[in-house]
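Please open the structure in your viewer and keep the selection panel at hand, since this tour moves from one selection to the next.

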Amino acid sequence: MKIPKRLQPLLEDGLIDEIICQLKSGKEAQVYMVRCGEVIRCAKVYKEANKRSFKQAVQYQEGRTARNSRRSRAMQKRTSYGQKESEQAWLSAEVDALYQLAAAGVRVPQPYGFVDGVLLMELISGDDGHAAPRLDDLSFSSELALEYHDRLIREIVRMLCSGLVHGDLSEFNVLVDNSGPVVIDLPQAVNAAGNNSAPMMLERDVNNMRDYFGRYAPELLDTAYGKEIWHHYENGTLIPDIQLTGQFEESADAADVDELMEVINDAREEEMERRRRLQEDDED
Ligand SMILES: Nc1ncnc2c1ncn2[C@@H]1O[C@H](COP(=O)(O)OP(=O)(O)OP(=O)(O)O)[C@@H](O)[C@H]1O
Ligand SMILES: [Mg+2]
């Protein structure tokens with residue numbers, strides 16, 4: 001096939017030996033199947049900043065830290081140097097997330113570096129060597145839907161334990177190979193502790209999985225894993241093999257507030273009573 005311009009430098013440097021085919025042109029990137037020596041890998045070429053869409057929205061950027069302060073000051077000032085640094089930080093976010101999550105035991109494609117705006121990674125494939133299908137391409141028995149839902153909830157927990165929320169998890173960003181689901185597409189991953197939108201994004205990711213698998217196993221539709229997971233995260237009780245129930249009583253928090261209000265009211269009454277008595281003593 002015709003060699004895409006952006007892959008030319010990698011061919012010249014010998015990082016890639018052959019471009020086999022294009023897998024898909026997504027909204028944010030083009031993905032190619034490439035040969036590196038004896039192995040077949042995947043090369044993800046990000047589109048130019050002005051051709052990308054939502055994932056670079058401000059909401060996703062909050063809490064991302066530049067590795068040095070000169071850079072982060074420049075990024076805030078939006079000078080052209082700053083813009084270049086922002087772009088670089090944006091582009092390397094996916095490879096950084098992949099290394100971090102692979103190390104945390106999450107099933108993601110193994111990354112093999114990031115060169116000239118191109119991410120090289122493991123090709124997730126089936127027995128036939130073709131790229132693996134996405135969840136959306138498949139259909140499930142209710143047993144398998146429950147099993148995969150459970151596995152993906154565990155992956156989400158593992159990601160959060162390592163400090164990240166995917167932020168765009170859906171049936172389009174999970175591939176399925178012989179060993180089960182693999183999470184992909186992470187340039188927008190958000191820092192759980194430093195981003196105010198993180199709880200909303202976590203819940204949205206979880207609910208996307210619930211709604212997708214709920215088509216095959218409707219009992220999932222009543223679950224509230226997102227709120228339960230975030231509650232544990234906030235309380236510092238989230239661990240990778242946590243036993244979750246899928247139930248979350250929002251009233252549990254409301255009850256705490258009621259109890260607190262009662263204590264405050266009691267204290268206020270006591271104080272009023274004390275003042276009344278002091279006043280009576282003065283009057284005597
Ligand atoms: N490691 C991989 N192994 C096999 N196929 C992959 C891999 N990474 C990506 N793909 C294929 O390429 C498609 C696009 O990849 P990805 O979702 O990362 O890019 P994108 O442009 O951000 O997509 P989107 O359209 O969701 O914005 C995926 O849906 C999948 O079919
Ligand atoms: Mg995608």
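Leaving aside its neighbours within four places in sequence, which residues is I19 in contact with? Contact here means heavy atoms within 4.5 Å, and the residues that I19 touches are M1, I3, P4, L7, L11, Y32, M33 and V34. Before going further, please note that this is a predicted model, in which local features need pLDDT of at least 70 and side-chain atom pairs count only at pLDDT 80 or more, while totals for chains, interfaces and linings use all residues. Residues are numbered from 1 along each chain as its sequence is written, chains are lettered from A and ligands numbered from 1 in the order in which they are written, and side-chain values use heavy atoms, with hydrogens and water left out.

**First stop: strand β1**

Keep I19 selected, and you are in strand β1; helices (H or I, at least four residues) and strands (E, at least two) are DSSP runs, numbered from the N terminus. I19 is buried, with a relative accessible area of 8%, where buried means under 20% relative accessible area, exposed over 50% and partly exposed in between (1.4 Å probe, protein chains only). If you add A43, which is 24 residues apart from I19 along the chain, the two C-alpha atoms are separated by 9.2 Å.

**Second stop: a pair of helices**

Next, select helix α5 (residues 142-161) and helix α6 (residues 198-214), whose axes come within 10 Å and cross at roughly 170°. Axes are lines fitted to C-alpha atoms, for helices over the stretch in contact, and angles run from 0 to 180 degrees between N-to-C directions. The helices α5 and α6 are therefore roughly antiparallel to each other, a label given to angles over 145 degrees, whereas those under 35 count as roughly parallel, 65 to 115 as roughly perpendicular and the rest as oblique. To see the contact itself, show the side chains of A145, Y148, H149, L152, I153, I156 and L160 on α5, together with L202, V206, M209, R210 and F213 on α6.

**Third stop: helix α7**

Now move to helix α7 (residues 225-235), where Y225, G226, E228, I229 and W230 are buried. Keep α5 and α6 in view as well, for they are included in what covers the buried residues of α7. Just after α7 you can select G236, which takes a positive phi of about 75°.

**Fourth stop: two loops**

Select A189 in the loop between β8 (180-183) and β9 (190-191), and note that A189 is buried, with a relative accessible area of 7%. Apart from its neighbours within four places in sequence, A189 is in contact with R64, A97, L164, V165 and H166. By contrast with these contacts, the C-alpha atoms of A189 and I16, which are 173 residues apart along the chain, are separated by 27 Å.

In the loop between β8 and β9 you will also find D185, which has a positive phi of about 70° although it is not a glycine, and which is buried, with a relative accessible area of 13%. Then turn to D116, in the loop between β4 (111-115) and β5, where phi is near 50°, a positive value in a residue other than glycine. Is D116 buried or partly exposed? At 48% relative accessibility, D116 counts as partly exposed.
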